[in-house]
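Me: I would like a close look at a single part of this protein, with its surroundings described carefully and in connected prose. Please take one strand and follow it outward to whatever it pairs with or touches.

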Amino acid sequence: MRITRSQVRLEIAAIVALSLAIFCAPATRAQNPDQIMPDASAAKAKGILQQAIDALGGAAYLNVHNSDCTGRFAQFQHSGDIGGYIQMREYREMPDKSRVEYDPKAVIIDVYAGDKGWSLDRGGVSDVPAADMADYQEQLKIQMGNVLRNRMNDSTLFFRYGGSEVVDLKEADWAEIGDREGHTLRIAIGRSDHLPVRSVVLQRDPKTGERIERGTYYTNYHLIDGINTPFREARFLNGRQTYQVYLESCTYNVDLPADFFTRASLEERFSKEHGKAKNKK
């Protein structure tokens with residue numbers, strides 16, 4: 001069959017038309033968060049956060065009273081090099097108590113309980129410096145777990161949808177939470193599993209007024225006692241990695257002594273280790 005020039009022209013025209021249809025068709029774009037009305041943006045953000053709560057364990061996650069986790073911990077030097085790994089055991093009691101025991105051989109323990117804190121080392125028990133306590137309390141106000149468990153209905157918080165993007169190789173939606181003191185918490189929630197991928201806390205240094213950015217990456221989730229728990233957590237301060245932990249085990253709602261998060265418990269521990277308490281002022 002002989003093909004005429006007219007037929008060739010028609011074939012070329014069809015190809016060109018198809019190409020134009022493909023390349024000139026309107027692209028499907030993610031919704032611009034700045035174009036959403038405030039009420040709709042807040043509702044969308046809360047919906048994404050509720051999906052995260054459900055993925056983390058729902059009622060089991062919300063009803064956590066305390067936790068007991070063990071693993072390996074590393075701090076990073078200013079050069080970016082790892083300062084070495086040590087064993088750690090971290091206890092938490094919601095919403096504001098923490099006890100971290102580092103390296104069983106060295107017997108170093110940090111305890112925070114609300115507006116008080118103490119440290120135990122070879123020299124005895126001492127108060128946590130005031131600057132460190134203030135920093136702990138500032139971070140606690142808008143810490144991800146505290147917001148998801150206790151502040152979703154807090155009328156003093158502002159919620160906003162922050163858009164979508166690929167975060168740590170996962171498609172994710174950002175939900176933003178702000179308070180009247182100028183703190184902002186941004187949480188990236190994976191679109192497929194609805195688990196937190198990253199959280200970012202933005203605040204101002206009270207002394208210098210400079211912006212501080214604290215980022216936390218969550219990976220390697222395990223379902224423990226009905227709660228999805230990230231077994232790897234990395235923290236960054238203004239883009240520089242400062243902390244990394246690999247959990248080996250974690251349990252929830254365990255029996256702990258009533259005085260576990262007190263100075264008296266550290267003094268008793270020091271007395272057992274060294275024969276008598278020697279407290280630093």
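Reply: What follows starts from one strand, moves to its partners and the core, and ends at a pocket.

The model is a predicted one, and its 281 residues, of which 40% are buried, form six helices and 13 strands. Among contacts between residues at least 6 apart in sequence, 44% join residues at least 24 apart.

The strand I have chosen is β8, which covers residues 170-178 and is largely enclosed by the rest of the structure, because seven of its nine residues are buried. On one side of the pairing, strand β7 (residues 158-167) runs antiparallel to β8 and is joined to it by eight bridges, with Phe159 having Ile177 in β8 as its bridge partner. The hairpin of β7 and β8 has two residues between the strands, and in this hairpin Asp168 takes a positive phi near 50°. Strand β9 (residues 184-190) is likewise antiparallel to β8, and seven bridges join the two; here Asp173 has Ile189 in β9 as its bridge partner. The hairpin of β8 and β9 has five residues between the strands, and Gly182 is the residue that takes a positive phi, near 90°, in that hairpin.

Ile177 leads from this pairing into the interior. Leaving aside neighbours within four places in sequence, Ile177 is in contact with Leu49, Ile142, Leu157, Phe158, Phe159, His183, Thr184, Leu185 and Ile187, a list that includes its bridge partner Phe159. The largest nonpolar core has 39 residues, and Ile177 is among those that touch the most other members, together with Leu49, Met88, Leu148, Phe159, Leu185 and Ile187. Helix α2 (residues 38-56) gives the most to this core, with seven residues. Apart from it lies another core, of twelve residues, including Ala113, Trp118, Leu120 and Phe270. As general background, nonpolar side chains in soluble globular proteins tend to be buried together.

The hairpin of β8 and β9 also offers a way towards the second largest pocket. Gly182, the residue with positive phi in that hairpin, is in contact with Gln203, as are Glu138, Gln139, His183, Glu210, Arg211, Ile212 and Arg214, when the neighbours of Gln203 within four places in sequence are left aside. Gln203 is placed in strand β10 and counts as buried because its relative accessibility is 5%, where the cut-off is under 20%.

Gln203 belongs to the lining of the second largest pocket, along with Ala131, Ala134, Asp135, Glu138, Arg204, Asp205, Pro206, Lys207, Ile212 and Arg214. This pocket has a volume of about 270 Å³, and its lining consists of four nonpolar, one polar and six charged residues. At least two lining residues come from each of α4 (130-141), β10 (196-204) and β11 (211-224), with α4 giving the most, at four residues.

Elsewhere, another set of antiparallel strands can be described in similar terms. Strand β1 (residues 66-76) is joined by nine bridges to the antiparallel strand β13 (residues 240-252), where Cys69 stands opposite Cys250. Strand β12 (residues 227-237) also pairs with β13 in the antiparallel sense, over six bridges, and Ala234 stands opposite Gln244 there. In the hairpin of β12 and β13, which has two residues between the strands, the positive phi near 50° is that of Asn238.

Terms used:
Residues are numbered from 1 along each chain as its sequence is written. This is a predicted model: local features need pLDDT of at least 70, side-chain atom pairs count only at pLDDT 80 or more; totals for chains, interfaces and linings use all residues. Side-chain values use heavy atoms; hydrogens and water are left out. On a 1 Å grid over the protein atoms alone, a cavity is a set of points where a 1.4 Å probe fits but cannot get out, and a pocket is an open set with protein on both sides within 12 Å along at least five of seven lines; lining residues have an atom within 4 Å of a point. Grid points are joined across faces, edges and corners, and a volume is the space filled by probe spheres set on the points. Ala, Val, Leu, Ile, Met, Phe, Trp, Tyr, Cys and Pro count as nonpolar, Asp, Glu, Lys and Arg as charged, and the others, Gly among them, as polar. Two strands pair if DSSP finds at least two bridges between them. A nonpolar core is a set of buried Ala, Val, Leu, Ile, Met, Phe, Trp, Tyr and Cys residues joined through side-chain atoms within 4.5 Å. Buried means under 20% relative accessible area, exposed over 50%, partly exposed in between (1.4 Å probe, protein chains only). Contact means heavy atoms within 4.5 Å.
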